[in-house]
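Me: I'd like to go through a protein model with you, one question at a time. Could you reason each answer out and finish on the name or value I ask for?

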Amino acid sequence: MVTRIVILTQWFDPEPTFKGLTFARELVRQGFEVEVVTGFPNYPGGRLYPGYKLRVIQREEIDGVHITRLPLYPNHDSSALRRILNYMSFAASSFFYGVFILRKPDVIYAYHPPLTVGLCAALIRLLRGVPVVYDIQDMWPDTLRATGMLNNARILSVVDRVCSWVYRRVDRIVVLSPGFRRLLIERGVPSEKLEIIYNWCDENALGRGASDVAVPPEFPRDDRFRVVFAGNMGPAQALDSVVAAAKLLKPVAPQVCFVLVGSGISIGALKAQVDVEALDNVVFIPRVPMAEVGAMLNAADALLVHLKNDPLFAITIPSKTQAYMAIGRPVVMAVPGDAAELVERSGGGVVANAQDPQSLADAVIGLLATSAEERRRMGERSRQFYLQEMSIQVGVGRFANCFRSLVPGR
């Protein structure tokens with residue numbers, strides 16, 4: 001008998017999301033029946049995508065994946081009230097659907113964030129007896145506090161209590177790093193309820209085939225040693241330290257060039273910092289389609305992961321880590337803890353201290369001094385580690401085992 005999985009997630013394709021259609025397709029390929037219960041696409045702009053109109057329910061099917069879209073209040077601006085309405089409206093519609101309409105599945109897979117999705121899944125479990133696998137991608141309330149999204153101590157305390165309630169009532173909790181697992185055990189979650197499944201990347205968009213796509217004209221030529229950072233540029237990334245490292249490197253290693261690809265609220269300040277220091281070894285490239293990002297990663301000499309020095313980030317693994325490893329280039333990891341340990345285990349790069357310009361400059365100089373052949377071997381070790389430990393086939397296979405363990409006789 002085919003095991004039926006319901007994926008409960010507020011965000012799903014065509015929205016940018018990690019465990020989206022690629023995940024659902026792979027579950028179908030591995031023999032599951034899959035229904036996705038999600039909202040009408042509006043993230044990150046807060047407006048409905050073209051071709052969609054709010055209605056009570058909309059059903060689609062893509063590559064064997066059944067998709068049920070439910071109404072929500074579309075919003076992703078800075079208003080806390082409207083953001084709460086966005087989260088709560090989807091929780092309400094998915095709770096009603098899950099209790100009264102949904103054909104009973106064998107397992108519910110719930111994706112966090114937001115917390116309201118986990119709360120909804122736990123309530124459906126209580127009322128319908130469906131086991132729940134809860135996938136925690138952000139550690140709330142820690143992430144809310146660390147990123148400055150929420151600073152009210154009373155509200156953070158409420159969020160913490162709700163998280164604990166959800167943790168007690170789901171059947172399995174999947175986390176993305178050993179640090180997340182340790183933290184949840186410290187908070188009273190039984191170790192046997194926890195499972196580490198590393199995230200994967202969009203292998204089709206970022207694979208070696210992306211090297212066939214041309215890099216943007218502003219991408220530095222191959223006479224430079226190009227250290228590429230691709231992604232959001234906000235306070236959490238602390239890229240002012242990268243610009244400071246570029247200043248240190250300019251007189252001693254002028255061939256090194258940092259390439260910062262993407263956008264974010266800090267980009268204006270970063271450009272101003274580069275202008276003030278008159279640095280020609282930092283290049284900004286705006287957000288581009290994923291295939292072009294893949295082309296630049298393939299063309300890089302090294303790939304940079306950088307976050308601010310915060311205890312929360314020491315127990316996480318930034319999502320770009322998987323993409324960088326899959327590409328097969330040396331990784332410069334300026335994040336402590338679990339992420340640094342992955343790079344060291346793989347032998348696929350070098351580690352620097354977070355928010356330490358001199359440490360980052362030293363790490364890049366060390367990599368520059370390494371032979372091109374050794375850097376190639378580093379990249380290959382990084383890629384092999386990804387394929388063996390973090391690829392989508394491996395990750396979904398581990399989810400499949402987790403799901404089947406909750407269904408008697410499967």
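Me: Which helix lies across β9, β12 and β13, and what is the angle to β12?
Reply: Happy to start there, bearing in mind that this is a predicted model. The helix made of residues 320-327 is α11, and α11 lies across β9 (225-230), β12 and β13. The direction of α11 against β12 comes out at about 170°.

Me: What is the order of the strands in the open sheet?
Reply: The open sheet has six strands, and the pairing is parallel. β11 (282-285) and β14 (349-351) each have a single partner strand, so they stand at the edges, with one side of each left without a neighbour in the sheet. Neighbouring strands are turned by 25° against each other on average, direction ignored. Read across, the order is β11-β10-β9-β12-β13-β14.

Me: Which residue of β13 stands opposite His306?
Reply: β12 covers residues 302-306 and β13 covers residues 331-334. These two strands pair in the parallel sense over four bridges. The residue of β13 opposite His306 is Ala334.

Me: How many residues of β10 are buried?
Reply: Let's take β10 (residues 256-261) face by face. On one side, Val256, Phe258 and Leu260 are buried. On the other side, Cys257, Val259 and Val261 are buried too, and both faces of β10 are covered. The count of buried residues in β10 is therefore six of six, with buried meaning under 20% relative accessible area.

Me: Which residue stands opposite Val256 of β10?
Reply: The strands to look at are β9 and β10, which run parallel and are joined by six bridges. Opposite Val256 in β10 stands Phe225.

Me: Is Asp63, with its positive phi, buried or exposed?
Reply: Asp63 sits in the loop between β3 (58-62) and β4. β3 and β4 run antiparallel, joined by five bridges, and they form a hairpin with two residues between them. Phi of Asp63 in the turn is positive, about 50°, although the residue is not a glycine. With a relative accessible area of 51%, against a limit of over 50%, Asp63 counts as exposed.

Me: Is Ala238 buried or exposed?
Reply: Ala238 also has a positive phi of about 50° without being a glycine. Its place is the loop between β9 and α8 (240-252). The relative accessibility of Ala238 is 5%, and under 20% counts as buried, so the answer is buried.

Me: Where are Pro113 and Pro114, each of which follows a cis peptide bond?
Reply: A cis bond joins His112 to Pro113, with omega about 15°. The bond from Pro113 to Pro114 is cis as well, with omega near 0°. Pro113 and Pro114 both lie in the loop between β5 and α3.

Me: How far apart in sequence are the parts tied together by Asp171 and Arg125?
Reply: The side chains of Asp171 and Arg125 meet in a salt bridge at 2.7 Å, N to O. Asp171 lies in the loop between α5 (153-169) and β7 (172-175), and Arg125 lies in helix α3, so the pair ties together parts separated in sequence by 46 residues.

Me: Is Asp338, which forms a salt bridge with Arg182, buried or exposed?
Reply: The closest N and O atoms of Arg182 and Asp338 are 3.5 Å apart. Arg182 is in helix α6 and Asp338 in helix α12, so this salt bridge ties together parts 156 residues apart in sequence. Arg182 is partly exposed at 45% relative accessibility. Asp338 has a relative accessible area of 4%, and is therefore buried.

Me: Which residues are linked with Arg103 in a network of salt bridges?
Reply: Arg103 is located in the loop between α2 and β5. Leaving out residues up to four places away in sequence, Arg103 touches Arg4, Glu33 and Arg128. Of the contacts just named, Arg4 and Glu33 also belong to the network. The residues linked with Arg103 there are Arg4, Glu33, Glu35 and Arg59.

Technical notes
Residues are numbered from 1 along each chain as its sequence is written. This is a predicted model: local features need pLDDT of at least 70, side-chain atom pairs count only at pLDDT 80 or more; totals for chains, interfaces and linings use all residues. Side-chain values use heavy atoms; hydrogens and water are left out. Two strands pair if DSSP finds at least two bridges between them. Axes are lines fitted to C-alpha atoms, for helices over the stretch in contact, and angles run from 0 to 180 degrees between N-to-C directions. Contact means heavy atoms within 4.5 Å. Buried means under 20% relative accessible area, exposed over 50%, partly exposed in between (1.4 Å probe, protein chains only). A salt bridge is a side-chain nitrogen of Lys or Arg within 4 Å of a carboxyl oxygen of Asp or Glu.
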